[in-house]
Amino acid sequence: MKSKIEKLKSEMLTVLKKADSHDTVRDLEIKYLGRKGLFVDIMKSLKDLSDEDKRTVGKLANETKTELEVAVQKRYAELEMAELGEIAEKEWLDVTVPGKKPLIGHRHLISKFMDDLEVIFAKMGFAVAGGPDIETEHYCFNQLNIPPDHPARDMQDTFWIKNLKDTVLRTQTSPVQIRYMESHEPPVRIIAMGRTFRKDSDATHSPMFHQLEGLMVDENVSMANLKAVMTHVLQQIFEDPSIKTRFRISYFPFVEPGMEVDCTCPICHGDGKISDGTPCRLCKQCGWLEIAGAGMVHPQVLENVGYDSKKYTGFAFGLGLDRMVMIKYRINHLRLFFENDLRFIRQF
Ligand code: DAH
């Protein structure tokens, strides 16, 4: 009987040592120590022994059972440790490693430039107005005194919207003048900036570009006011108080008289050559840059929006922003604006 107990013990300890999962240990526990297990059989057979043997063998049996129960618990613990070790190995993470920085975009230089312009104009009391990119022929052309046979309406220039009658991608920001005046009484002092579109694409033109429109209407507004505003704004933009402006007569249907506004070249300051005597490439040695279209608002345009053209006068101007940004920040390729390469955009 004693040897049977010893045999059962060594047998169980051997298999227990090899048991490599919680479930196998559990199976062994049931098989040997369970209520219907092999040890119970031994206990049951104790009753057939002499009283003397019952005591000694019974004691041994109890001790062995306890020993085996301890061994089972130990094996459970060992397996659990091994499992935790495995998890630690597989799933470890170093919380002190610096995180990965998310890639953050950057505001486009043209957007920044527009914000700067808003500030410059706000200081002179100009409000900011806006209008839609998709515009009707009525606002983009008719109300601006541009007759149907004007070159600006030519199929070459204008993107017409398919299946939408009389609808275009605005070719200029000037329609905002009309929209604003229709809904406001004078005095008017606004700028409008945004995207404009023309069928044009080469090294110096892109089909989408940006314009700034200015409009001031009140009693007694004169060309002197236009000149003062244009000169001040250009001096602010180029951060150069020595900038001068000159007006050349030109034609835009919505102004009379109409003119081109030039300013002295911000690189050579009107000399045509830079300090070491080399010819200025920006202004092609002429000393002036063509910057804007402008004029006194045509009386017909004022009448179109219901203003009394005998009482009110006004000036308007329009500038291309992309070229201004290129001049100010010395950018030599228009395409840099559209590639959205962060290495470029982040520099500003
Ligand atoms: N809208 C004109 C263009 O795109 C620019 C312009 C010229 C705007 C004269 C004006 C202006 O307001 O008075 O070519």
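Okay, a quick definition to start: a residue is called exposed when its relative accessible area is over 50%, and buried when that area is under 20%. Keep in mind that this is a predicted model.

Let's begin with helix H1, residues 2–18. It spans 25 Å from the first C-alpha to the last, close to the expected 24 Å. Which residues of H1 are buried? They're Ile5, Leu8, Lys9, Met12 and Leu16. Those five cover an arc of only 100° around the axis, so they sit on the same side of H1. That fits a general point: an α-helix has 3.6 residues a turn, so residues three or four places apart point the same way. Over on the other side of H1, you've got Ser3, Lys7, Lys17 and Lys18, which are exposed.

So what do the buried residues of H1 pack against? Helices H2, H3 and H4. Let's look at H4, residues 51–91. The axes of H1 and H4 come within 10 Å and cross at roughly 0°, and therefore the two helices are roughly parallel to each other. Sorted by class, their contact has 10 nonpolar, one polar and six charged residues. On the H1 side, these include Ile5, Met12 and Leu16, and on the H4 side, Leu60, Leu68 and Val72 are among them.

Now a few backbone details. The peptide bond from Pro186 to Pro187 is cis, with omega near 5°, and Pro187 is in the loop between helix H7 and strand S4. Another cis bond joins Glu256 and Pro257, with Pro257 in strand S7.

Last one: Asn340 has a positive phi, near 55°. You'll find Asn340 in the loop between helices H11 and H12, partly exposed at 47%.

How values were computed: Residues are numbered from 1 along each chain as its sequence is written. This is a predicted model: local features need pLDDT of at least 70, side-chain atom pairs count only at pLDDT 80 or more; totals for chains, interfaces and linings use all residues. Side-chain values use heavy atoms; hydrogens and water are left out. Helices (H or I, at least four residues) and strands (E, at least two) are DSSP runs, numbered from the N terminus. The expected span of a helix is 1.5 Å times one less than its number of residues. Buried means under 20% relative accessible area, exposed over 50%, partly exposed in between (1.4 Å probe, protein chains only). The arc is that of the directions from the helix axis to the C-beta atoms. Contact means heavy atoms within 4.5 Å. Axes are lines fitted to C-alpha atoms, for helices over the stretch in contact, and angles run from 0 to 180 degrees between N-to-C directions. Angles under 35 degrees count as roughly parallel, over 145 as roughly antiparallel, 65 to 115 as roughly perpendicular and the rest as oblique. Ala, Val, Leu, Ile, Met, Phe, Trp, Tyr, Cys and Pro count as nonpolar, Asp, Glu, Lys and Arg as charged, and the others, Gly among them, as polar.
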